[in-house]
Amino acid sequence: MADKILQIRNLQVTFDTPFGQVFAVRGVDLDVEAGELLGVVGESGSGKSVTFLAAMGLLSSRARVSGSVVLAGEELIGKSSRQLRSVRGRLMSMIFQDPLSALNPVHRVGKQIGEMLQAHQNLTNKQAAARAVELLDIVGIPQPDQRSSQYPHEFSGGMRQRVVIAIAIANNPKLLIADEPTTALDVTVQAQILEVIKRVQQQFGTAVVLITHDLGVIARVADIVDVMYAGRNVEQGSIESLYDHPSHPYTRGLLASIPQPGKGRLTPIRGFPPNMMDPPSGCAFRTRCDFADSTCEIEIPELRAFSDLQTACLRAQLLPSFRKTQ
Amino acid sequence: MSDELLRVTNLVKNFEVRRTKNSGAKKRTVQAVANVSFSIERGQTLGLVGESGSGKTTLGRCVLRLIEPTSGQVEFDGHDLGSMKFEELRALRRKMQIVFQDPFASLDPKMTVGASIAEPLIVQGVPGDHNDKIFDLLELVGLSVDHASRFPHEFSGGQRQRIGIARALALNPALIILDEPVSALDVSIQAGILNLFEDLQKKLGISYLFIAHDLSVVRHVADRIAVMYLGKIVEIGDQETVFENPTHPYTKALLSAVPLTDPKAERARTRVILEGEVPSPINPPSGCRFRTRCWKAQDICAQQEPVLELRAMGQMSACHFPES
Ligand SMILES: Nc1ncnc2c1ncn2[C@@H]1O[C@H](COP(=O)(O)OP(=O)(O)OP(=O)(O)O)[C@@H](O)[C@H]1O
Ligand SMILES: Nc1ncnc2c1ncn2[C@@H]1O[C@H](COP(=O)(O)OP(=O)(O)OP(=O)(O)O)[C@@H](O)[C@H]1O
Ligand code: SF4
Ligand SMILES: [Mg+2]
Ligand SMILES: [Mg+2]
């Protein structure tokens with residue numbers, strides 16, 4: 001499709017460590033359409049960050065990456081680090097949980113935004129400085145012309161994350177990847193930052209990938225959701241469908257564990273997440289799944305259309321219908 | 001007759017902090033807990049919510065007297081902790097335990113799980129080899145007897161939190177302070193721990209002071225809720241009342257900031273988006289501490305500090321212009 005911004009196919013990432021190989025990402029397939037907000041959820045260690053770090057070409061040489069990542073028609077896997085640098089910031093940008101690590105403590109924030117602009121556009125210093133102030137205004141920083149000449153330590157946590165967003169969107173990229181951008185912030189500040197991200201998506205048509213462990217955050221801002229488990233996507237679909245009739249036993253388990261108003265006793269998922277040095281054969285969720293049978297040990301389930309979702313479960317058609325415990 | 005277990009009255013905790021800037025090393029005071037009062041009944045859970053730095057942990061530590069309050073009173077089971085002698089305090093302290101957020105940091109990596117669980121018994125001078133007690137406790141928290149001889153690194157986060165809970169239960173406490181006990185866990189694991197708290201309360205009649213920033217978790221576990229802002233309780237009352245009919249503007253904003261899991265409900269509601277961030281506790285705003293972010297603030301809010309007052313639905317809140 002023409003308006004596909006990001007297409008990931010069979011992405012695999014393996015880390016070589018002194019203790020053995022870590023199979024962090026094991027065949028991820030994923031599409032992001034222009035202007036859409038994709039939410040990625042999954043447990044700690046399920047491969048959310050590594051998937052997108054690999055897509056951005058930001059992993060160290062200890063990581064072995066294979067598969068295909070096509071951004072706006074260009075294959076990124078196999079590109080040199082120099083070529084990737086020209087893509088980053090121009091076509092796609094990534095922001096993280098800790099805004100301080102993304103900012104240079106000894107440079108004024110206006111200058112840092114200006115540098116990002118001048119790395120990809122022909123602008124005079126004066127033009128870049130003026131545009132930096134505009135960008136600070138766009139992300140909702142009051143008195144942007146004064147704030148532009150301040151240093152990162154003069155900003156609060158939420159304001160720093162706004163600055164980082166301003167840098168990320170400086171060159172109007174087609175894709176913004178936000179990895180837990182609000183996890184370190186207070187909820188009232190989280191609400192502000194989510195507004196900013198949503199506004200960027202709507203005003204500039206930027207596609208956004210929002211990685212989070214909070215399904216509520218997804219419910220607030222995402223159009224499409226991708227659920228990850230043990231280095232693979234297990235379910236994809238619209239947020240409404242996924243909440244209303246999840247098919248994958250892991251997605252169901254996730255919803256059953258979340259406290260919600262009026263809900264009685266919670267239903268945890270039994271067991272615990274697998275060790276990614278030695279993930280279970282077949283469907284990695286089978287060790288915690290109430291519906292697993294012997295075929296689940298053998299075959300790795302691929303995403304398949306199931307009702308209006310894409311579900312990677314061998315037994316999806318056989319599962320009882322999902323009833324929300326109200 | 002009231003079934004009150006804990007009563008905290010006018011509790012204040014100030015920290016002196018040194019300014020390192022410039023030559024004049026001026027001392028400044030952080031009012032971490034500013035005149036807080038509340039009580040907890042036997043077998044009940046008080047949920048304590050509020051943003052980072054609002055004073056939740058400090059309050060919990062003052063209750064246990066892990067730190068000395070600057071002023072105010074803590075009564076536990078009818079005894080005023082402030083006027084107790086060291087030995088008496090030590091004996092009473094067995095009845096109050098704490099479980100922390102980080103199950104990884106709170107266990108000694110070189111001690112077996114069994115030894116970790118028995119440690120409070122040994123410290124308190126309880127005689128015996130404690131093996132039966134350790135096995136009972138392991139079963140009580142959903143672990144198995146053969147876990148006793150293993151080391152913390154062999155356990156997952158959720159299991160380690162269970163070990164921490166077993167340890168806290170060793171001395172049969174009447175009150176456990178839970179300071180963000182599930183914040184480090186994945187939701188699928190968190191659910192099991194929350195169920196465990198519920199079961200233990202039913203079985204043993206324990207009271208909890210449950211500190212968390214996740215409001216849906218607090219709503220799930222608490223009977224009553226106290227909302228803190230910059231060292232003060234701004235609203236306190238029954239869980240249902242506070243969540244359904246918040247009367248303090250901050251409570252309202254906080255609730256509306258928390259996203260709901262149900263996308264239809266989440267998108268249908270109107271949200272209050274607060275401006276700015278929490279100001280420094282070193283020089284808190286005069287009058288109502290929330291006024292710098294409050295959309296209802298008038299002149300009086302800067303001049304006069306609002307006190308907790310009873311509202312129509314039964315909760316107390318501290319605001320000159322409460323929501324109704
Ligand atoms: N540099 C690395 N070297 C070795 N293993 C790694 C490295 N980075 C990540 N991993 C492993 O890869 C797996 C996936 O990690 P990843 O960071 O993508 O998880 P995540 O889903 O983002 O989790 P979280 O929610 O905790 O951020 C984990 O098992 C992790 O331990
Ligand atoms: N030992 C200390 N010395 C100086 N200031 C302190 C000390 N302990 C806490 N504070 C300050 O007291 C205030 C309250 O801190 P506290 O840790 O109680 O907050 P909290 O509500 O538990 O926050 P969080 O949600 O981040 O855990 C903060 O401003 C904090 O910086
Ligand atoms: S007292 Fe005034 S400033 Fe404080 S919450 Fe009420 S209206 Fe807002
Ligand atoms: Mg991550
Ligand atoms: Mg705390």
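This passage describes the interface between chains A and B, the nonpolar cores and the surroundings of ligand 3 in a predicted model.

The contact between the two chains involves 44 residues of chain A and 39 residues of chain B. About 3,300 Å² is buried between chain A and chain B, and 57% of this area lies on carbon and sulfur atoms. On the chain A side, T188(A), R220(A) and R265(A) account for 20% of the area buried against chain B, more than any other three residues. A total of 5 salt bridges is counted between chain A and chain B. R265(A) takes part in a salt bridge with D199(B), in which the closest N and O atoms are 3.0 Å apart.

The largest nonpolar core comprises 63 residues, and I165(B), F197(B) and F210(B) have the most contacts inside it. The element giving the most to this core is helix α6 of chain B, spanning residues 187-204, with 7 residues. Apart from its neighbours within four places in sequence, F197(B) contacts I165(B) and F210(B), together with L178(B), P181(B), V182(B) and Y208(B). A second core, separate from the largest one, contains 59 residues, among them V109(A), I165(A), A219(A) and L309(A).

Ligand 3 is surrounded by 13 residues. The closest of these are four cysteines and one histidine of chain B, namely C288(B), C294(B), C301(B), C319(B) and H320(B). Sorted by class, the shell around ligand 3 consists of 9 nonpolar, 2 polar and 2 charged residues; cysteine is counted as nonpolar in this scheme.

Note on methods. Residues are numbered from 1 along each chain as its sequence is written. Chains are lettered from A and ligands numbered from 1 in the order in which they are written. This is a predicted model: local features need pLDDT of at least 70, side-chain atom pairs count only at pLDDT 80 or more; totals for chains, interfaces and linings use all residues. Side-chain values use heavy atoms; hydrogens and water are left out. A residue is near a molecule or strand if one of its heavy atoms lies within 4 Å of it. A nonpolar core is a set of buried Ala, Val, Leu, Ile, Met, Phe, Trp, Tyr and Cys residues joined through side-chain atoms within 4.5 Å. Buried means under 20% relative accessible area, exposed over 50%, partly exposed in between (1.4 Å probe, protein chains only). Helices (H or I, at least four residues) and strands (E, at least two) are DSSP runs, numbered from the N terminus. Contact means heavy atoms within 4.5 Å. Buried area is the accessible area (1.4 Å probe) that two parts lose on being put together, summed over both. A salt bridge is a side-chain nitrogen of Lys or Arg within 4 Å of a carboxyl oxygen of Asp or Glu.
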